[in-house]
Amino acid sequence: MLLLLSSFIAIVILFYCVGAALQWLAKPSKQGDNKIEELIESVNDLLPQTQCAQCGFPGCRPYAEAIINKQQAINQCPPGGDATIKDLAQLLGVEATPLDNTLMPHKAPQVAYIQEENCIGCVLCIQACPVDAIVGANRFMHTVIASECTGCELCLPPCPVDCIELRIKQ
Amino acid sequence: MSAFRGGIALAPNKQGLSKPITVVPLPSELVFNTNKPLVNIGDTVLAGQNIAANTIASTSGHISDIQTHRSHSTITLIPDGESKYTPAITNAENPIAAIEAAGLTGLGGAGFSTLKKLQSQQCAELVTLVINAAECEPMIACDEALMLEHAPQVISGINTLMQITCCLQCIIAIEDTKIAAINTIKQALVDSANPKLQLRVIPTRYPGGAETVLLRQLSGAQLTKSQRPADHDMLCFNVATAYSVHHAVANQPIFGRVVTIAGNATNQPCNVSALFGTPLTHLLQHTNNLPGSSTANPPTGKMTIKIGGPLSGRESNASVIDLANTAVDPNCNAIIIERTNQTADEQACIRCGNCADVCPESLLPQQLFRYQSNVDKLNEYQLLNCIECRCCDLVCPSAIQLTDYFKQSKQILQKQSQLQVDAQLAEARYAARETRLVRKAREREQELLEKKRKVAIAPTPAAMDIAAALARAKAGLIKPSDKTS
C-alpha cells in the first residue's frame with residue numbers, strides 16, 4: 001500500500017516538474033521585442049527598397065513591419081516580384097503565393113527620366129520623390145540623379161505636363 | 001619544395017626565346033583605349049603626361065583624334081619622334097617621386113598602380129617582397145627574355161623596391177625549367193651582393209605563377225578574394241615591374257613593355273619591346289606575323305588571336321580593323337595567334353570530377369557549372385575565388401568551356417551585389433527624407449505656436465484698435481444710430 005502511494009506521489013511530482021519546465025520553456029522570452037525587431041530587419045533586407053508604396057504602405061520598412069506585426073500578405077511587392085516573394089516565404093516559413101494581381105505588374109528595374117525641354121520647374125516631382133533623387137528649384141529645370149533613382153513611379157502622377165518617362169535601367 | 005595542389009604540368013613551349021628582344025620602331029600613330037580623356041584634339045603632349053584617367057602618353061607628340069564609343073574613347077597620338085619627358089619626370093628627386101611622375105602600372109596582368117601599392121606599404125617592414133618571375137603560362141616568354149638580357153637592371157629595380165618598402169627579405173620566384181634565366185639572375189645576385197635577396201626555384205606547373213597560387217607555394221598563405229598579399233605580410237611585384245622601376249628611378253622611364261608573339265600560326269615567334277599604344281597591326285607587321293601576310297602556311301582551320309596567354313588571354317576577332325584599334329597596354333604580355341583545325345563540341349557534364357582535381361583554388365567547378373545562375377549556391381561554392389586559369393577547361397572530357405560560364409556567373413554576382421548596394425543607398429536616403437519631413441513638420445508647428453504666443457503677449461496696433469472699438473461698443477458709446485447719421 002505504502003509502495004503504491006509513494007509511487008503515485010513520485011509520479012505526480014515528476015509530472016508537475018516536467019509540466020512546470022515545459023510551461024517555462026513555452027513562455028515568450030524576455031527579448032521578444034528584440035527578436036521582432038530583428039525579424040523586421042531581415043524582412044526589410046529582402047525587400048527591394050524601391051520605396052514605391054505600391055503595397056499600400058508608405059515605404060519598404062513600413063511594409064516589413066506590417067508583414068511581421070499585422071500578418072500582412074507577402075505577395076504585395078510588385079518591384080520585388082516572385083523572387084522576393086520566394087525569399088520572404090523561405091525566411092518566414094510560409095507558402096509562396098503568386099504576386100497579387102490587383103496590384104501593378106512586376107517590371108524590370110527602371111529609372112525615371114525628365115524630358116528637360118518640357119519641364120516647367122514646378123517642384124511637385126521633387127516633393128513626391130521618396131529618395132530625394134530629383135534636383136531642381138522653382139522655375140528651374142529639374143533632373144533625375146539616375147544612380148539614386150529607384151524607378152518607383154511616384155513622380156509620374158504629380159507632374160502637370162507629363163514630362164517624366166521611365167526607362168529600362170542599364 | 002612541394003608543388004601546390006591542383007594545376008597541370010604543361011609543356012613550356014617558349015618559342016620566341018631563340019632570338020634576342022627586338023625593339024619595334026615608333027609607329028606613325030599610337031592609339032589608347034580609355035575612359036575619360038583629359039586632352040583635346042590638337043593638344044601637344046609630353047611623354048609621361050596623363051592623357052586620360054589611368055592612361056599615360058608613352059611618347060611626346062600631338063593628339064590627332066579622339067573617338068568616343070559607347071563604352072570607351074579612343075585617343076590617337078601622332079608621335080613627334082623626340083620623346084620629350086614631362087618636367088615632373090626629369091626633376092624627380094627621390095624614387096617615390098620618380099615612380100609617381102612616370103605613372104607606373106604593374107606589368108603582371110592586374111594593371112594595378114605601382115605607386116599606390118608602394119605608398120600603402122612605404123617602409124611598412126613587411127616580411128617578404130615577392131618578385132614574380134614564374135611566368136607559368138605556356139608560350140609567354142616576355143619576362144624570361146627580359147631576365148636573360150637585363151638581369152642587372154632587374155636586380156637594381158628590386159633593390160629600389162626593397163629600399164622603399166623596407167621588407168626584411170626578398171624572394172625571386174622562377175620556374176625550374178628556366179635554367180638560363182636562373183643562371184643570369186644568380187650571377188646578377190652575386191654582383192649586387194645584397195644578402196636579403198634570394199632566388200627560389202619553383203616547380204614548372206601551371207598556374208604556379210598566379211599571385212594567390214605563388215604565395216601559397218612560397219609561404220602557405222591562403223589568400224581569399226578580398227585579401228591583399230599585405231594581409232599575409234607579403235608584397236608581390238612582377239619582375240617586369242621591377243625593370244620599369246629601375247628605369248623610372250633613373251629618371252628615364254620606359255613607357256612600354258616586352259610582348260611575346262607566338263602560336264602555331266605565326267611566322268616568326270619572337271619577343272619584342274613595344275611602346276604602350278602601339279597598334280597590334282604595326283607590331284605584327286614589323287615582326288612579319290600579320291595574319292594573311294604569309295604564303296608559306298596555307299590557311300587551314302579557324303584562326304584565333306588572343307591578347308594575353310593562350311589560356312588566360314582574351315580573344316579578339318582576326319579582322320585587321322580590330323587589330324588596328326587594339327594597342328599594347330601594360331596588361332598585354334603576349335599575342336598568341338593560333339589555328340585550330342577542329343573544336344570539339346560541348347557535351348553534357350558527366351560529373352567525373354577531373355576539374356575539381358586540377359583546380360588550384362580547391363573549388364568545385366562541376367558544382368559552379370551546375371548552379372551557374374543560382375546566386376546563393378555560387379557564393380556558397382566561392383565562385384569569386386576562381387582565378388580563371390582554365391585548368392578545368394583543359395581536362396574536361398566533355399569539352400565544356402567552364403571558365404566562360406564562370407565569367408558570366410561572376411557578372412550575375414556582380415549585378416546582384418550592385419542591386420544590394422543600390423537598395424542600401426535607397427533605404428538610407430528614404431530614412432533621411434523621413435526624418436527631415438518629421439523635423440520640418442515639428443519646426444512648422446513650433447513656428448505657428450510662437451506666432452500665436454507673440455500675438456497674445458504684444459498685440460499689434462491694429463489689434464489694439466479693434467479691441468478698443470469693441471470695448472467702446474460694449475460700453476454703448478457707439479450706437480447703431482450714429483452709423484447712419
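# Exercises on a two-chain model

In this predicted model, 10 residues of chain A touch 7 residues of chain B. On chain A, the side facing chain B comprises 4 nonpolar, 4 polar and 2 charged residues.

## Exercise 1. Chain A: spread out or compact?

Task: Decide whether chain A is more spread out than a compact globule or not, using its radius of gyration.

Solution.
- Start with the elements. Chain A holds 5 helices and 4 strands. Along the sequence they run α-α-α-α-β-α-β-β-β.
- Now take the radius of gyration. For 170 residues the globule rule gives 15 Å, while chain A has 26 Å, so chain A is more spread out than a compact globule.
- Check the spans. The C-alpha trace of chain A covers about 100 × 30 × 25 Å along its principal axes.
- Add burial. In chain A, 24% of the 170 residues count as buried.
- Finish with contacts. Among contacts in chain A with a separation of 6 or more, 57% link residues 24 or more positions apart.

## Exercise 2. Chain B by the numbers

Task: State what radius of gyration chain B has, and what a compact globule of 485 residues would have.

Solution.
- Count the elements. Chain B contains 16 helices and 16 strands.
- Set the two radii side by side. The compact globule would come near 23 Å, but chain B has 33 Å.
- Read the spans. Along the principal axes, the C-alpha trace of chain B extends over about 125 × 60 × 50 Å.
- Look at burial. Of the 485 residues in chain B, 40% are buried.
- Look at contacts. In chain B, 71% of the contacts with a separation of 6 or more are between residues 24 or more positions apart.

## Exercise 3. An open sheet

Task: Give the strand order of the 4-stranded open sheet in chain B, and find its edge strands.

Solution.
- Write the order. The strands of chain B line up as β2-β7-β6-β3, with antiparallel pairing.
- Go to the ends. β2 (30-34) and β3 (44-45) of chain B each pair on one side only, which makes them the edge strands.
- Zoom in on one pair. In chain B, β6 (residues 61-68) and β7 (residues 73-79) run antiparallel and are joined by 7 bridges.
- Pick one bridge. B:Thr68 has B:Ser73 in β7(B) as its partner.

## Exercise 4. The largest nonpolar core

Task: Name the residues with the most contacts inside the largest nonpolar core, then follow B:Val130 outward.

Solution.
- Recall the general trend. Nonpolar side chains tend to be buried together in soluble globular proteins.
- Size the core. The largest one has 111 residues. B:Val130, B:Ile131, B:Ala173 and B:Val259 have the most contacts inside it.
- Find the top contributor. Helix α4 (residues 142-165) of chain B gives the most to this core, 10 residues.
- Trace B:Val130. Setting aside neighbours within four places in sequence, its contacts include B:Ile171, B:Ala173, B:Leu214 and B:Met234.

## Exercise 5. Two helices: buried or hardly covered?

Task: Compare burial in α2(B) and α15(B).

Solution.
- Take α2 (residues 95-102) of chain B. Its buried residues are B:Ala98, B:Ile99, B:Glu100, B:Ala101 and B:Ala102.
- Find what they pack against. The buried residues of α2(B) meet α1 (87-91), α3 (114-120) and α7 of chain B.
- Step past the end. Just after α2(B), B:Gly103 has a positive phi of about 55°.
- Take α15(B). Of its 15 residues, 0 are buried, and the helix is hardly covered.
- Check its length. At 1.5 Å a residue, α15 (residues 461-475) of chain B should span 21 Å, and its end C-alpha atoms are 21 Å apart, which agrees.
- Step past this end too. B:Gly476 follows α15(B), with a positive phi near 80°.

## Exercise 6. Unusual backbone

Task: Locate the cis peptide bond and two non-glycine residues with positive phi in chain B.

Solution.
- Recall the norm. Most residues other than glycine have a negative phi, and most peptide bonds are trans.
- Find the cis bond. It joins B:Tyr206 and B:Pro207, with omega about -5°. B:Pro207 sits in the loop between β10 (197-202) and α6 (211-219) of chain B.
- Take B:Asn251. Its phi is positive, about 60°. This residue lies in the loop between α7 (239-249) and β12 (256-262) of chain B. B:Asn251 counts as partly exposed because it has 16 C-beta neighbours inside 10 Å.
- Take B:Ala399. Its phi is positive, about 55°. The loop between α13 (391-395) and α14 (402-457) of chain B holds B:Ala399. B:Ala399 counts as exposed because it has 11 C-beta neighbours inside 10 Å.

Methods. Residues numbered from 1 in each chain as written. Chains lettered and ligands numbered in written order. Predicted model: local features only at pLDDT ≥ 70, side-chain atom pairs only at ≥ 80, totals over all residues. Pairing = 2+ DSSP bridges. Core = buried A, V, L, I, M, F, W, Y, C linked by C-beta atoms within 7 Å. Buried ≥ 20, exposed ≤ 12 C-beta atoms within 10 Å, placed from the backbone. Contact = placed C-beta atoms within 7 Å. Expected span 1.5 Å × (residues − 1). Nonpolar A, V, L, I, M, F, W, Y, C, P; charged D, E, K, R; others polar. Rg over C-alpha atoms; globule rule 2.2 N^0.38 Å.
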